[in-house]
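This report examines one protein chain through its side-chain arrangements. Ring pairs are treated first, followed by the nonpolar cores, the charged groups and the chain as a whole.

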Amino acid sequence: MPENIKGVGSKDYTSLKLDLENKERKAETLSAQSNSSKKSDETEFLDVDFDDMSLEDVQKTVLELQTELMVIQTQLKSLEELIKSDEKIQKMYEKQYESYEAELDKLLNEVKNAETADEKDRMQLRISNIKSSMGSLSMQIQSAINLIYDHKNMSSSLKSEYSKTNMNYQSAMMAQNSKLQAQALANAQAAASLNSASGISSTPNAQTTEVAQDASATPKGASTGRVSDNMLNALKNWEGLRTTAYRCPAGVWTIGYGHTKGVSEGQTISEAQAEQYLRQDLQSFENEVTNMANAAGVKLSQGQFDALVSFAYNCGGGALQKSGILGMLKTEEGKKPDIAAAANKMNEYVHGGGQVLPGLVSRRKTESSWLYA
């Protein structure tokens, strides 16, 4: 009788573990090599130039990249689940292998003490069956190890792709917001020229001159209590349109421009319905900003109202309340509103996950520019 209990034409348990460790070390090496070339890849993607693209083309690119990021996130989540499943199967097989191993050791000791040939033959048959089962399990464990290795490699590759796509997305977002800001500024200048041509403030007095020279002076144009179309369009671009329900990174079913209330799997809507949802979602923030401003005795311009609603929609009404921005916009006797300070404060809210996010930097820059409008 062969004394080698693993001699069944397959790797033993220890060898299988070493094989997995070798594969993991190889994966780490490949990951390190990937990271070493990442800086040059980042430079390539950060050098993408959107200046020659129209606003519409940039907006289209933003949506395409956002969709691609969502697809990659879904694929990564599926791979994570596959890896967990593979690892559970591997552990189950390993546990069963160890059980067979213990049983085989026991039989090998017993066969030595068998008193009859028939008894030894029966034990030899059981030993042969156990060896066969262990051989099958070895192959199944090896298969699980290979799947884990392959899925981890795929996950690593997708994470690298996500990083590059996200850099492009952030770059496109910054370009989009810069173009929106330039468009808003051009519209404001056109409106100012129209007012001047119509005879409004055609003869500036000393007070008007002071306002023109001081960017912290109170802007004109009272808020309507509802966001402007300019702000709504900017918000649409920041949020991105999805007409089919999807799970956001937090696992919440979402649709349209970030709408979550009553959304279910498989739901689809039109672009018009998405805008309706967005306007409904904005109402609570419009009312909240109005109530805050009234309570603080602050009279907001339309641009300031747009900026604060957008800020609250992104960061929350609590963040707006704690920021002190409203107080900086208040006009008091002998004191002008400090719009510059309010803008600087707003531009501090650019962090996510402990890091500065380029998309938020660009968004805050646009929102803070509205404080002067």
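A search of the whole structure, which is a predicted model, finds 3 aromatic pairs. Rings of Phe, Tyr and Trp (for Trp, its six-membered ring) pair if their centres lie within 6.5 Å; planes under 30 degrees apart count as stacked, over 60 as edge-to-face and the rest as tilted. The rings of W238 and W370 have centres 5.9 Å apart and planes at 45°, so this pair is tilted. Because W238 belongs to helix α6 and W370 to helix α12 (residues 358-370), the pair ties together parts that are 132 residues apart in sequence. Helices (H or I, at least four residues) and strands (E, at least two) are DSSP runs, numbered from the N terminus. Both W238 and W370 are buried. Buried means under 20% relative accessible area, exposed over 50%, and partly exposed in between, with a 1.4 Å probe and protein chains only.

In the pair formed by F311 and Y349, the ring centres are 5.0 Å apart and the planes stand at 85°, so the arrangement is edge-to-face. This pair also links distant parts of the chain: F311 lies in helix α8 and Y349 in the loop between α11 and β3 (351-352), 38 residues apart. F311 counts as buried, because its relative accessibility is 0%, whereas Y349 is partly exposed, with a relative accessible area of 25%.

An aromatic ring is also involved where R242 lies over the face of Y246, at 4.2 Å from the ring centre. A charge sits over a ring if NZ of Lys or CZ of Arg is within 6 Å of the ring centre and within 35 degrees of the ring normal.

**Nonpolar cores**

A nonpolar core is a set of buried Ala, Val, Leu, Ile, Met, Phe, Trp, Tyr and Cys residues joined through side-chain atoms within 4.5 Å. The largest such core has 48 residues, of which L282, L300, L308, L329 and L371 touch the most other members. Elements giving two or more residues to this core include α3 (55-112), α4 (117-197), α6 (229-239), α8 (302-315) and α11 (339-346). The most is given by α7, with 8 residues. Leaving aside residues up to four places away in sequence, L308 touches V289, L300, L320, I325, L326, L329, M346 and L371. Apart from the largest core lies another, of 11 residues, among them Y97, L107, L108 and M134.

**Charged side chains**

Side chains of opposite charge can pair when their charged atoms come close. A salt bridge is a side-chain nitrogen of Lys or Arg within 4 Å of a carboxyl oxygen of Asp or Glu, and by this rule the count comes to 10. The table presents examples.

| Salt bridge | Closest N to O distance |
|---|---|
| E275 and R279 | 3.1 Å |
| E348 and K345 | 3.3 Å |
| E367 and R364 | 2.6 Å |

E275 and R279 are separated by about one helical turn, because they are 4 residues apart in helix α7. E275 is partly exposed at 23% relative accessibility, and R279 is partly exposed at 36%. These two residues also belong to a network of salt bridges that links D229, K236, E275 and R279.

E348 is partly exposed, with a relative accessible area of 45%, and its partner K345 is partly exposed at 24%. E367 and R364 are 3 residues apart in helix α12, so about one helical turn separates them. E367 is buried at 0% relative accessible area, and R364 is buried at 0%.

**The chain as a whole**

The chain has 12 helices and 4 strands. Buried residues make up 36% of its 373 residues. With contact meaning heavy atoms within 4.5 Å, residues 24 or more positions apart account for 73% of the contacts with a separation of 6 or more. The accessible surface comes to about 21100 Å², of which 50% belongs to carbon and sulfur atoms; areas come from the Shrake-Rupley method with a 1.4 Å probe, and for residues only the protein chains shown count as cover.

Residues are numbered from 1 along each chain as its sequence is written, and side-chain values use heavy atoms, with hydrogens and water left out. In this predicted model, local features need pLDDT of at least 70 and side-chain atom pairs count only at pLDDT 80 or more, whereas totals for chains, interfaces and linings use all residues.
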